[in-house]
Each structure stands twice: as structure tokens, then as C-alpha cells.
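These are my notebook entries on a two-chain model, kept in the order in which I looked things up. I began with one helix and worked outwards from there.

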Amino acid sequence: MLVAVVLGFIFALLVPFFSRFTKRAISLVYPLIPLFLFLYFLGFLEKIKSEGQILFHYNWVPSLGIDLSFRLDGLSLLFALMITGIGTLVFAYTANYLKGHQYLDRFYGYLSMFMASMLGVVLSDNLMSMFIFWELTSISSYFLIGFNNDDPASRKSALTALSITGFGGLVMLSGIILLQVVGGSYSFTELLNSSEIIKNSNSYGWIIALMFVGAFTKSAQFPFHFWLPGAMKAPTPVSTYLHSATMVKAGIYLLARFTPLLGDTIWWNSTLVTVGAITMVYAAIHSVFRVDLKGILAYSTISALGILVFLIGIGTEKSLLAAGIFILAHALYKAALFLITGIIDHETGSRDVSKLAGLQKVMMPVAIAGFLAALSSAGLPFLLGFISKEVMYEATLQLGNWALILTALAVLTKILLLVAGFWAGIKPFTGNLPSEFNKAHMPSPLLWVPPLLLGFLSLGFGMFPFFIQESLIQPVFSSISGSDTTIELKLWHGFNLVLLLSVLTLVSGGLLYFFLKPSKALIEKTFKFEVISPQNIIENGSNLFGSFARFWTRFFQNGYLRNYVITILAFLTLLMAYRLFGEVNIYIDWEQISTVSYYEAIVVLMMIISIIFAISTNSRTTAIVALGVVGFANCLFFIFYSAPDLAMTQFSIDTLTVLLFMLVLVKLPKNKSFSSKGMKFRDAFLSLTFGVLIAILTLEVFEEPSSSEVSKYFADNAYLLAKGRNVVNVILVDYRGFDTMIETVVLVIAAAGVFSLMKLDLNPSKKDL
Amino acid sequence: MKSLIFKTASSYLLPLLLLFSIFILLRGHYLPGGGFVGGLMASIAFLIHSFAFGLKETQSIIKINPGYLMPIGLAFAVGAAIAPFFVDAPLLKGLWFEEPFRFIGMVGSALIFDIGVYLVVIGATLTIIFSITDTV
């Protein structure tokens with residue numbers, strides 16, 4: 001199982017190496033990886049059906065309670081199958097869609113990195129590791145949205161998406177930590193046992209609020225929805241895969257996963273229903289105001305995500321079942337619609353739905369796929385969308401007082417989504433082919449087979465629901481709701497209110513489709529509301545933040561090194577002075593002080609003399625050398641008090657610093673007196689105060705009883721445990737080896753930073769001088 | 001610098017100091033020394049050389065771009081850190097050869113780790129120094 005999750009990362013790591021040798025032929029090998037994983041997960045169907053869930057456990061950081069434990073149950077299996085199944089199709093589709101692209105291998109690397117992280121999210125049982133995978137999906141999504149990195153709009157969208165989802169992820173992290181504090185474990189399976197404790201605790205409100213922010217940002221719920229339409233700047237396979245079928249459903253997954261643990265309380269249900277309802281209606285209205293095919297699909301995806309949140313929020317068995325089915329139905333038809341949009345864009349170069357028409361003449365299979373997907377999205381009988389819509393209406397109708405208004409909202413959303421689906425899946429394929437698209441021709445099978453396959457799956461599952469009823473939907477239902485009720489999916493429910501509502505939806509949707517023509521004029525009407533849109537408000541907020549940061553930075557970082565030093569020292573001095581103003585505990589035991597030997601006195605004298613030299617000289621070189629002498633004198637003290645390691649290091653560092661200064665100083669013009677009397681006085685005052693304060697602070701340290709347990713342990717065990725006699729070195733490479741490792745990385749980063757700053761030439765024309 | 005004495009001395013100093021830095025690196029586990037100090041000393045050796053003969057000359061002696069030493073060193077350190085995984089031990093556990101080697105003494109993953117630190121320190125300091133001197 002661990003291999004299955006990590007495979008994508010390994011693959012992403014290898015891609016840049018072996019793609020160099022096999023640039024052309026390899027792209028058909030890529031889809032085999034998700035295909036292999038798909039078959040692997042398919043093999044679990046039977047086992048999940050009989051056992052309910054399977055746990056896998058690998059230790060990672062046991063001391064922090066963070067493990068790589070994976071939990072495969074109905075819900076995660078459904079997601080895993082969607083991730084790998086649609087992944088296979090998208091990988092194959094990309095092979096032709098981005099054929100010959102310069103960075104095709106890079107693209108596949110990002111895609112498989114995403115696939116692995118997404119699998120990690122849905123399979124993790126440990127919430128910490130889930131969070132890590134969760135953030136990895138945000139990061140890979142950032143790379144993929146910004147794939148066309150020379151387009152500023154792409155970069156901006158990628159950054160928006162990353163900031164929104166990354167922000168949500170961090171909020172969720174605090175939720176997870178709070179959950180651990182209350183529930184006592186990071187493991188979801190263990191937390192399930194303390195569900196009642198968590199629900200009754202004082203922190204419950206905080207926990208669900210923090211979790212909600214994570215889920216809502218990821219799943220593009222109002223008011224965080226606006227990153228998703230922007231994310232459509234990514235190549236179409238990415239929109240298909242990440243931004244409709246899988247990643248945006250991670251938030252839904254989270255909510256569904258936590259329903260048995262945190263759900264079924266008034267706060268949980270009412271929040272989700274409200275947010276879901278606002279999102280689904282708001283985005284559905286938006287979607288019929290768009291002309292760009294991808295824009296239409298983006299908003300209809302947001303609306304569908306809203307429906308899912310809404311259904312999970314209702315929280316009855318019926319509604320959770322509806323959510324389970326709709327996750328699958330939506331993934332199948334929306335992925336197909338996106339792939340079709342990609343084909344149309346690829347072949348005609350346009351995504352303007354008001355212009356596109358008549359393409360059935362040149363690409364019949366694509367048209368069939370489009371029809372199937374659009375009809376499933378509309379919820380016509382014999383398609384999976386129909387079943388999911390029926391169950392959804394049944395669920396909303398059961399709600400007593402609220403039934404009327406919630407059902408009305410659901411119907412309204414469905415009507416608008418029907419129009420959006422028809423525009424994307426049917427409109428481009430009917431009527432007469434405009435002359436400007438004459439050049440369009442039949443795409444490669446790699447492009448049209450995936451959407452057609454998805455379309456037929458919608459049809460197949462819709463006609464024969466028993467096919468998925470027991471094997472897939474039943475386990476999904478049990479893991480969301482936690483109940484054992486046996487479910488039944490039926491195509492025909494008899495003549496009842498639900499059927500009437502279905503007919504109402506279809507008829508009014510159909511009428512709307514015929515009367516409402518997509519046009520630019522419609523979209524312009526929405527522009528005047530832009531000012532109050534969440535996107536505008538948040539963007540203005542971040543701009544304001546940016547200008548404040550610029551002002552602040554300019555104020556303190558004015559480019560003069562001396563001012564930086566003054567700022568830092570002054571701040572530290574104030575801080576220490578404030579602290580020491582309260583109380584000073586200096587206690588010096590004069591009895592214990594060792595006698596000052598003559599060589600120590602000489603060294604101190606040396607130091608004083610060189611300091612006087614350093615501040616009174618007019619030559620830079622002399623000043624630096626004098627400072628070097630102070631440093632070396634310091635080393636002598638380290639040696640006197642038996643710290644040879646420290647002395648050696650200090651000695652080398654001082655030598656290096658002096659040499660480096662010399663290298664640079666030699667090339668500077670001759671020193672003139674720059675500082676005025678006042679400045680000199682200010683500097684002297686500051687450094688004297690700082691020095692005195694540091695001295696007081698150092699003396700205060702003696703007040704604290706030094707705990708020698710650690711150093712004693714290190715000293716006693718250095719040879720026994722680490723086979724070293726030099727304790728300092730043993731601490732560095734063994735006891736604190738991890739620190740050292742990270743420090744070396746920091747060193748490398750610093751070197752890279754200096755290198756790029758030094759080589760960065762902001763003003764190329766200067767080179768001529 | 002055009003002092004003949006300094007030039008002559010530094011051409012002898014370079015190999016001596018390098019040898020000394022390796023000596024410091026190897027003895028680190030038992031006596032004062034180690035990868036960090038050793039690396040600093042090696043960088044000082046190159047720096048002195050570049051004082052006497054100029055940056056170009058030193059760079060031609062090193063042959064490779066010192067920046068490459070950083071990833072190599074990191075690979076050493078990370079390799080030593082994850083090596084225990086292969087014998088089912090936790091990260092960074094010290095592994096040792098049974099018998100001491102001639103001249104070197106006991107060899108273990110700690111030494112490999114220290115060599116990694118040594119290389120990273122040389123790479124980082126030389127990159128910083130060279131790019132600063134190159135620009136001014």
C-alpha cells in the first residue's frame with residue numbers, strides 16, 4: 001500500500017532523468033502507471049465489500065504520534081478509483097493534447113506528483129500525514145495552474161489558488177491539532193471512539209469552524225470560490241483532473257470523512273447547508289452568464305461542489321447516499337465535459353460557446369460523448385445523473401419544515417446546471433458548422449476515447465445501477481453515514497412527487513436552453529456587481545497589505561548597512577533595557593573567582609588596545625585587522641578555559657572574515673571621514689549601552705542553576721553509544737545529527753542566496769562602464 | 001598581491017593546509033576538530049592562494065565549480081543519515097565497521113556525515129567568497 005501511494009512521487013522524481021533519453025516514445029508509457037494503480041485498487045472491491053475497511057500501518061514519527069497509516073474503506077476506495085481511473089484517461093489524453101510540448105515530461109512529473117498526493121489524502125488514516133498530502137496537492141496544483149509560466153495571468157491565478165488553498169490548509173492544521181488535544185490521537189480510527197467526547201467538549205465549535213475553512217477553501221465554497229475559475233488557466237487535462245474530478249473534491253472528502261466523527265449537530269448541519277446552498281445557487285447563476293466553455297464548466301463545478309456540501313450538511317441517510325452517488329456521477333460527466341472542451345479548443349482554437357456549432361459533422365464520437373455527459377448532468381433517465389438527482393430530491397423532500405425552500409433551491413440549481421451542461425456538451429455539436437471552423441478535423445483517438453468512455457460509464461451505471469450498488473455505493477454509504485442500512489438504487493421510482501420535480505427540472509431547463517442564448521451582453525451585466533464580489537474584496541485587501549509591506553520595508557531597509565545595524569542594535573537594546581529595568585539579579589561570588597593570571601591580563605590589554613586602534617584609525621585595513629586581533633584574543637580565552645573546538649572554529653571564522661574583508665576593501669576608494677561628530681557620538685553611545693547590557697545579561701546567566709544533566713549524559717555516553725571521544729563532535733554528528741543536517745542545508749541556501757544576489761545584474765547597461 | 005615571499009609561501013601552504021584540514025576532519029570524532037572546522041580551513045587555504053595568484057588561478061586549480069561540492073556534500077550527509085534504514089534502524093543511527101582502518105581508525109556513518117559537512121562548508125564558503133570577490 002505504501003508503495004502504491006508513493007509510486008507517483010518516485011515516478012515524478014525519475015521523469016526528468018529518463019525522459020532525456022526517450023523523448024518521443026515514452027509518453028505512451030506514462031498512462032500505465034495510473035492504470036496499474038487503478039487495477040490494484042480495483043482488486044480491493046471484493047474485500048471492502050465483505051470487510052468494510054482495511055488498515056495498513058507504517059511507522060514514521062512514532063514519538064509525535066505521526067504515522068503513515070492508511071485506511072481503505074468505501075469512501076476512500078471510491079476516491080482512489082476516481083483518482084487513478086480518471087488519472088489514466090487524463091494521462092493518455094495529455095499524450096496527444098500536449099504532444100511535442102517542450103516541457104511534457106515536467107508536466108507528467110507534476111501530474112503524477114499530484115496523483116500520489118491526492119491518493120495520500122484520501123487514504124491517510126493519520127490526520128497529520130493527511131494534512132501533509134493535502135498541502136502537497138495544493139503545491140502540485142500551483143505548479144500545474146502556472147504551467148504556462150510565461151503568461152502573467154497564469155502565474156497570478158496559480159498564486160491566488162495557492163494562497164487560498166494554502167491558507168485553508170493551515171487553518172485546517174490548527175483544527176487537526178485541536179482535535180488531537182481533545183480526542184487524544186491523530187488517528188482517525190481511534191478518534192471515532194471518542195466522538196461523543198469531542199462533540200461535547202468546549203472546543204467543538206472551534207474544531208469544526210477550522211475544519212470548515214480548510215474544506216471550503218479547497219472545495220471552492222462561497223466566499224472562497226473565486227480561485228477555481230482562475231485555475232482554468234491551466235491546460236485542460238489539469239482542469240479535468242484537478243479542478244473538477246479530484247482535488248476540489250478533497251474538501252468534500254474531508255467533510256464526508258468527518259461526518260461520523262463530528263457531524264449530526266446543529267452547528268455542523270446548519271453551517272454546511274447554508275454555505276452549500278449559497279454556493280450552489282450563486283455559482284449556478286454565474287455559470288449561465290459565461291460564454292467561455294471553461295468558465296461555464298468552472299462555475300457549474302463550483303455549483304456541484306455546493307450541492308455536495310449541501311447534501312452532506314442535511315445529514316440524513318438519504319442525503320448522504322445522494323452525496324455518495326453524486327460524487328461519482330459528477331466526476332464522470334464533468335470530466336467528460338472538460339475533456340470535450342479541450343478537444344474543441346484543440347481543434348478549433350475557440351472556446352466561445354456563442355460561436356461554436358455544428359462540430360458533430362467532423363467529430364462524431366466526441367459529439368456522442370458530449371451528449372451523454374450533458375444528459376447525465378441534466379439528469380435524464382437511464383443515466384447516472386438521473387439516479388443521483390432523484391435521490392437528492394427525495395432527501396430534500398424529507399425535511400419537514402425546510403423541505404419546501406431547500407427543494408426549491410435544489411430544483412433551481414439543477415435547472416441552471418442543466419442549461420450549463422447543455423451549452424458545454426450539446427450546443428457546440430448542433431446546428432450548422434460556421435465557416436471559420438472549416439479546418440477542424442477529427443482528433444486522434446487518444447483524445448476522443450477518454451471522454452467517450454466516461455460518457456458510456458455514465459450510461460452504463462445509470463442503466464444498470466445494481467452494477468455499482470453493492471460493490472461501490474453501499475460501502476461508500478456505510479463509511480459516510482456509519483449506519484448499516486442496506487441501500488437500493490432504482491431507475492424507476494413510480495409516479496410520485498420526485499418524478500414530477502424531475503420532469504419540472506427537465507422541461508424548464510430545456511425551455512431555458514432554447515430561449516436563453518449565451519452572449520457577451522449577458523456577462524457584461526454582471527460586471528457592475530464585481531465591486532462587492534468576494535474576489536474583489538480579498539484582492540484589494542491583499543493589495544493593501546502589499547503596499548503596507550512595501551512602505552514598512554522601505555522605511556527600515558533603506559540600503560545602508562550601518563542603518564540596519566543601528567536598527568537591530570537599538571531594538572535589542574531597548575528590549576533588554578526594558579527587561580532589565582524591572583529587576584537585575586547579579587550575584588557574583590567573589591570567593592569563587594579564580595585569580596587573574598598575568599597572561600590573561602595581557603590578552604585583555606591586547607584586546608583593549610586593538611579596539612582603540614579600530615575606532616581611531618582612518619584606514620579600513622587597519623580597522624579590520626584590529627578587529628581580527630580582538631577575535632583571535634577571544635580564541636585564546638576559549639583555549640584558557642578548555643574549549644579547543646570552539647577556539648578552532650572561532651579562529652577559522654575570524655581568519656576567513658578578515659581575509660574576505662581584505663579582498664573587498666582593497667578595491668574600495670580611500671577612506672574619508674564620512675561621519676559627523678553627532679553620528680560618532682550616537683554610535684558610541686549605542687555600542688556602549690549595548691555592550692553593558694550584554695555584560696549584565698551574561699552575568700545574570702550565572703544566577704540560573706546550570707542543569708548539567710544533559711551534558712553529563714552526553715559526556716558519559718559519547719564513547720559508549722557513539723564511539724567518539726570528542727563530545728562536541730559527537731553531539732554535532734550523532735546526538736544532534738538532525739540539526740546539523742538541516743544546518744548544512746541552510747548553509748547551502750545561504751550560499752545560493754549570496755551567489756544569486758551577487759550575480760544578479762539589475763542594470764545590465766552598467767557592464768559597459 | 002605582488003610580494004614574492006607571499007606567493008612562494010602560499011603555493012606551499014595550499015597543499016599543507018589542505019592536508020591539515022583533512023587531518024582535522026578525520027580526527028574530529030576523538031579529538032578537537034571535525035567537518036565544520038576542517039571545511040573552513042580548506043576554504044582558507046584556497047582563499048590564501050587566491051590572494052597570491054588571483055581568483056582565476058585558484059579556480060583553475062580547483063577545476064570544478066566549488067558550488068558543485070554543496071550537492072555532493074549534502075548527498076553524503078543525507079546518505080549517511082538514511083543509511084540505517086537499510087538495516088532497519090532509525091534515521092541517523094550511527095553504524096560502524098567492526099575493524100578499524102589503517103591510518104584512519106574507526107570508520108562509521110558519522111564520518112561519512114562529517115565528510116558531507118566538510119564538503120558543504122567548502123562549497124558554500126568558496127561560492128560565497130568567489131561570487132563576492134568576482135563582483136566587486
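**Entry 1: helix 10 of chain A**

I started at helix 10 of chain A, residues 204-218, in what is a predicted model. I took its length from end to end: its 15 residues reach 21 Å from the first C-alpha to the last, which is close to the 21 Å expected at 1.5 Å a residue.

I then asked how many of the 15 residues of helix 10 of chain A are buried. The count is eleven, and I noted the helix as mostly covered. Going through them by name, I listed Ile207(A), Ile208(A), Leu210(A), Met211(A), Phe212(A) and Val213(A) among the buried residues, and further along the same list come Gly214(A), Ala215(A), Phe216(A), Thr217(A) and Lys218(A).

What do these buried residues pack against? I found helix 7 (152-183) and helix 9 (195-200) of chain A among the partners, together with helix 13 (250-262) and helix 14 (266-287) of chain A. Just after helix 10 of chain A, I noted that Ala220(A) takes a positive phi of about 55°.

**Entry 2: chain A as a whole**

I stepped back to chain A, for which I have 32 helices and two strands. Its C-alpha atoms fill a box of roughly 110 × 65 × 55 Å along the principal axes. Of its 769 residues, 43% are buried, and among its contacts with a separation of 6 or more, 78% are between residues 24 or more positions apart.

The domain assignment of chain A gives four entries: domain 1 at 307-525, domain 2 in two pieces at 561-586 and 679-706, domain 3 at 597-674 and domain 4 at 709-761. I looked up the separation of domain 1 and domain 2 of chain A, and their centres, taken over C-alpha atoms, are 69 Å apart.

**Entry 3: the strands of chain A**

I next followed the strands: strand 1 (residues 53-61) and strand 2 (residues 66-73) of chain A pair in the antiparallel sense over eight bridges. Within this pairing, Ile54(A) stands opposite Leu72(A) of strand 2. The two strands form a hairpin with four residues between them, and in the turn I found Gly65(A) with a positive phi of about 75°.

For residues 63-108 of chain A, an unreviewed UniProt entry gives the feature "domain: NADH-Ubiquinone oxidoreductase (complex I) chain 5 N-terminal". I checked the model over that span and found 63% helix and 17% strand, with the end C-alpha atoms 36 Å apart.

**Entry 4: chain B**

I turned to chain B, which has five helices and zero strands, and its elements run α-α-α-α-α from the N terminus on. The C-alpha atoms fill a box of roughly 55 × 30 × 20 Å along the principal axes. I noted that 47% of its 136 residues count as buried, and that 68% of contacts between residues at least 6 apart in sequence join residues at least 24 apart.

UniProt, again in an unreviewed entry, lists "transmembrane region" for residues 12-30, 36-55, 67-87 and 107-132 of chain B. I compared two of these spans with the model: residues 12-30 of chain B are 84% helix and 0% strand, with end C-alpha atoms 28 Å apart, while residues 36-55 of chain B are 95% helix and 0% strand, with end C-alpha atoms 23 Å apart.

**Entry 5: where the chains meet**

How many residues does each chain bring to the contact? I have 43 residues from chain B and 36 residues from chain A. On the side of chain B that touches chain A, the elements giving two or more residues are helix 2 (35-53), helix 4 (69-82) and helix 5 (109-135) of chain B. Helix 5 of chain B gives the most, with 17 residues. By type, I divided the residues on this side of chain B into 27 nonpolar, 15 polar and one charged.

**Entry 6: Gly116(B)**

I closed on Gly116(B), which is found in helix 5 of chain B. Is Gly116(B) buried or exposed? I recorded Gly116(B) as buried, because 25 other C-beta atoms lie within 10 Å, where 20 or more are needed.

Leaving aside neighbours within four places in sequence, I found Gly116(B) in contact with Thr744(A) of the other chain, and with Gly73(B), Leu74(B), Phe76(B), Ala77(B) and Ala80(B). Lastly, I noted that the C-alpha atoms of Gly116(B) and Gly35(B) are separated by 7.7 Å, although these residues are 81 apart along the chain.

Conventions:
Residues are numbered from 1 along each chain as its sequence is written. Chains are lettered from A and ligands numbered from 1 in the order in which they are written. This is a predicted model: local features need pLDDT of at least 70, side-chain atom pairs count only at pLDDT 80 or more; totals for chains, interfaces and linings use all residues. A residue is buried if 20 or more other C-beta atoms lie within 10 Å of its own, exposed if 12 or fewer, and partly exposed in between; C-beta atoms are placed from the backbone. Two residues are in contact if their C-beta atoms, placed from the backbone, lie within 7 Å. Two strands pair if DSSP finds at least two bridges between them. Domain bounds come from an automatic or database domain assignment. Ala, Val, Leu, Ile, Met, Phe, Trp, Tyr, Cys and Pro count as nonpolar, Asp, Glu, Lys and Arg as charged, and the others, Gly among them, as polar. The expected span of a helix is 1.5 Å times one less than its number of residues. UniProt positions are given in the numbering used here, feature names are shortened, and annotations may be inferred rather than shown by experiment.
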